[in-house]
Amino acid sequence: MSDIKITIIDREGEAHNVDAPTDMNMNLMEIVRMHELAPEGTIGICGGMAMCASCQCYVLSHEHLMPEKSYEEEDMLDQAFFVKDNSRLGCQIHITPELEGLEVKLAPHST
């Protein structure tokens, strides 16, 4: 198993340094769920299809080259709350070795 370290700041502001496997085709939303960093039913509601923005996060580290946003991701973020310039959908960030040291903050949960 090949893991990288990433930092996820939860919605209460607590930082969690977690291991994220690069060999399982996982995305950031799945890592948040795996480590139970958001209450059940508040993240990944659409199952990772870029259709709900419940996994919106802010990419805080500037040294990582993130993949371009897809049309679906851009469209969903256009409809989401609390969007910033560094907003991404966690379900669209696939865990790769290049993301070693990534730091993200979960966006507030919209009700």
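The questions and answers below concern a predicted model, and they go through its core, strands, a helix and cysteines.

Q: Which residues touch the most other members of the largest nonpolar core, and which element gives the largest share of this core?
A: In soluble globular proteins, nonpolar side chains tend to be buried together. Here the largest nonpolar core has 30 residues, and those touching the most other members are Ile6, Ile8, Ile31 and Leu89. Two or more residues come from each of strand E1 (3-9), strand E2 (15-21), helix H1 (28-34), strand E3 (56-59), helix H2 (71-79) and strand E5 (103-106). The largest share, 4 residues, is that of H1.

Q: Leaving aside neighbours within four places in sequence, which residues is Ile8 in contact with?
A: Ile8 belongs to the group of core residues that touch the most other members. Once its neighbours within four places in sequence are left aside, the residues in contact with Ile8 are Glu14, Ala15, His16, Val18, Leu28, Ile31, Val32, Leu37, Val104 and Leu106.

Q: How many residues of E1 are buried, and in which sense does E1 pair with E5?
A: E1 is largely enclosed by the rest of the structure, because 5 of its 7 residues are buried. E1 runs antiparallel to E2, to which 7 bridges join it, with Ile4 opposite Ala20 in E2. With E5, E1 has 3 bridges, and Thr7 stands opposite Glu103 there; the sense of this second pairing is parallel.

Q: Which residue in the hairpin of E1 and E2 takes a positive phi?
A: The hairpin has 5 residues between its two strands, and a positive phi near 95 degrees is found there at Gly13.

Q: Which residues of E3 are buried on each side, and what is the bridge partner of Tyr58 in E5?
A: In a regular strand the side chains alternate between the two faces of the sheet. In E3 both faces are covered, since Gln56 and Tyr58 on one side and Cys57 and Val59 on the other are all buried. E3 pairs with strand E4 (residues 87-89) in the antiparallel sense over 3 bridges, where Tyr58 stands opposite Ser87. E3 and E5 also run antiparallel, joined by 3 bridges, and the partner of Tyr58 in E5 is Lys105.

Q: Why are the buried residues of H2 on the same side, and which elements do they pack against?
A: An α-helix has 3.6 residues a turn, so residues three or four places apart point the same way. The buried residues of H2 are Glu73, Met76 and Leu77, and because they cover an arc of only 100 degrees around the axis, they lie on the same side of H2. The face turned away from this buried side carries the exposed residues Tyr71, Asp78 and Gln79. The elements against which the buried residues pack are E3 and E4.

Q: How many disulfides does the structure hold, and how far from Cys57 is the nearest cysteine sulfur?
A: The structure holds 0 disulfides. For Cys46, the nearest cysteine sulfur is that of Cys52 at 3.7 Å, whereas a disulfide would need the two sulfur atoms to be within 2.5 Å; Cys46 is partly exposed, with a relative accessible area of 24%. Cys57 counts as buried at 0% relative accessibility. Cys57 is likewise in no disulfide, and the nearest cysteine sulfur, belonging to Cys55, lies at a distance of 7.1 Å.

Technical notes:
Residues are numbered from 1 along each chain as its sequence is written. This is a predicted model: local features need pLDDT of at least 70, side-chain atom pairs count only at pLDDT 80 or more; totals for chains, interfaces and linings use all residues. Side-chain values use heavy atoms; hydrogens and water are left out. A nonpolar core is a set of buried Ala, Val, Leu, Ile, Met, Phe, Trp, Tyr and Cys residues joined through side-chain atoms within 4.5 Å. Buried means under 20% relative accessible area, exposed over 50%, partly exposed in between (1.4 Å probe, protein chains only). Contact means heavy atoms within 4.5 Å. Two strands pair if DSSP finds at least two bridges between them. The arc is that of the directions from the helix axis to the C-beta atoms.
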